[in-house]
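Work through the exercises below with the sequence and the coordinates at hand. Each task is followed by its solution.

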Amino acid sequence: MTVKLYDENSYLTEFDATVETCEKTDSEYKVTLDKTAFFPEEGGQCCDRGNLDGKSVKKVEISGDEIYHYVDSPFEIGQKVRGEIDFSLRFRNMQNHSGEHIICGIAHSLFGYENVGFHLGEDIVTMDLSGELSDSDIEKIERLANEAVAKNMPVTAFYPSKEELETLQYRAKGEIEGNVRIVNIGDVDSCACCAPHVGATGEIGIIKIIDSMRHRGGMRLSILCGFDALSDYNLRMKEAKEISNLLSVPQSEIALGVKKLNSDQQMLKTKISEMKKQIVKLTVESADTTKEKLCLFFDDMDMDGLRFGANLLLEKKVPFAALLSGDDENGYSYVLVTSEGDISTHTKSANEALSGRGGGKGPMATGKFMAKLSDIEKYFVK
């Protein structure tokens, strides 16, 4: 059984231990020690990183009472080793995990919601709550969470006896076998948890809920705490500055600037659409509509424009016409139209001959040909 030093001291960065087993895997060696300060991947949280006698510890796993450290080269059984923890990652995880406890504890107190899912990866922290929250609910939880940080309340962890556990009120995701470790955060939360935490809430720093979404009948929240929240804020400020420079507006007005840009873009799209329709109209008016078959090509034309031209040709009682736009590499969007019978009699054979997909009933069909323009023109002119 590996003694969990991180249970006793979350801030322990170095320790001495004895190698108990060393087993070769496909490309690594998994090592057990008599004791360790490395927290394994467990309870939704990523594992610690660091080294054993200078050998990089790439991952740490737990199975039963044993904790496995994965390294590139072997150790001798009984060898004394020095372990060093990457405390920057450990403290980052402590900040985020303690912040998650506070948020879930407040959501439980206010709404009775349970934490039904948790993931603390190296670049994201999410939690799943059993009920939905409004925007104002989320703002309230976030405000109360940061007030808990400002109060600098103590964070403690302990293993109660079986008798004590029966009298405690605490959160837990399902039944837990064996000893239960309880993490208390002031009067905000009490929860069963196996992970290292900060010693006081003030060490968490700011708690920020950065995203929320409905998820399986409840709510998934994404959060960042402490230095992660600071890094995220700096990134957002950098992006806001860049956007403000591109829009030539103050940072406080970038939302208005984007709205104006969208409005201008929509007006431009409308103008372009009208211009394309004029091009279609002029092309149709100049075409020889007395021919039995017409094949008209338009450069960079959308389907609305092609349909507009098809309707103009229907008004002129054209027996059959193919309107096309695209290129040889990406294919050609088409609208086929006839004023005589059902277009489906033309569409099936055209699709077979020109590697096409699409169809329609009545006078008009739409789709795409994956053939060269020269082959398409030959087919419809023959």
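The exercises go from the overall dimensions to one strand and its partners.

This is a predicted model, in which local features need pLDDT of at least 70, side-chain atom pairs count only at pLDDT 80 or more, and totals for chains, interfaces and linings use all residues. Residues are numbered from 1 along each chain as its sequence is written, and side-chain values use heavy atoms, with hydrogens and water left out.

**Exercise 1.** Set the radius of gyration of the protein against that of a compact globule of 382 residues.

*Solution.*
- The radius is taken over C-alpha atoms, and the globule rule is 2.2 Å times the number of residues to the power 0.38.
- For a compact globule of 382 residues the radius would be near 21 Å, but the protein has 33 Å.
- Along the principal axes, the C-alpha atoms fill a box of roughly 95 × 50 × 45 Å.

**Exercise 2.** Determine how far strand S3 is covered.

*Solution.*
- Strands are DSSP runs of E of at least two residues, numbered from the N terminus.
- S3 spans residues 29–33, and 5 of its 5 residues are buried (under 20% relative accessible area, 1.4 Å probe, protein chains only).
- One side carries Tyr29, Val31 and Leu33, the other Lys30 and Thr32, and all are buried.

**Exercise 3.** Which strands pair with S3 in the antiparallel sense?

*Solution.*
- Pairing requires at least two DSSP bridges between two strands.
- S2 (residues 14–24) pairs antiparallel with S3 over 5 bridges; Cys22 has Val31 as its bridge partner.
- A hairpin of 4 residues joins S2 to S3.
- S8 (residues 66–71) runs antiparallel to S3, joined by 3 bridges; Tyr29 has Val71 as its bridge partner.

Terms used. Buried means under 20% relative accessible area, exposed over 50%, partly exposed in between (1.4 Å probe, protein chains only).
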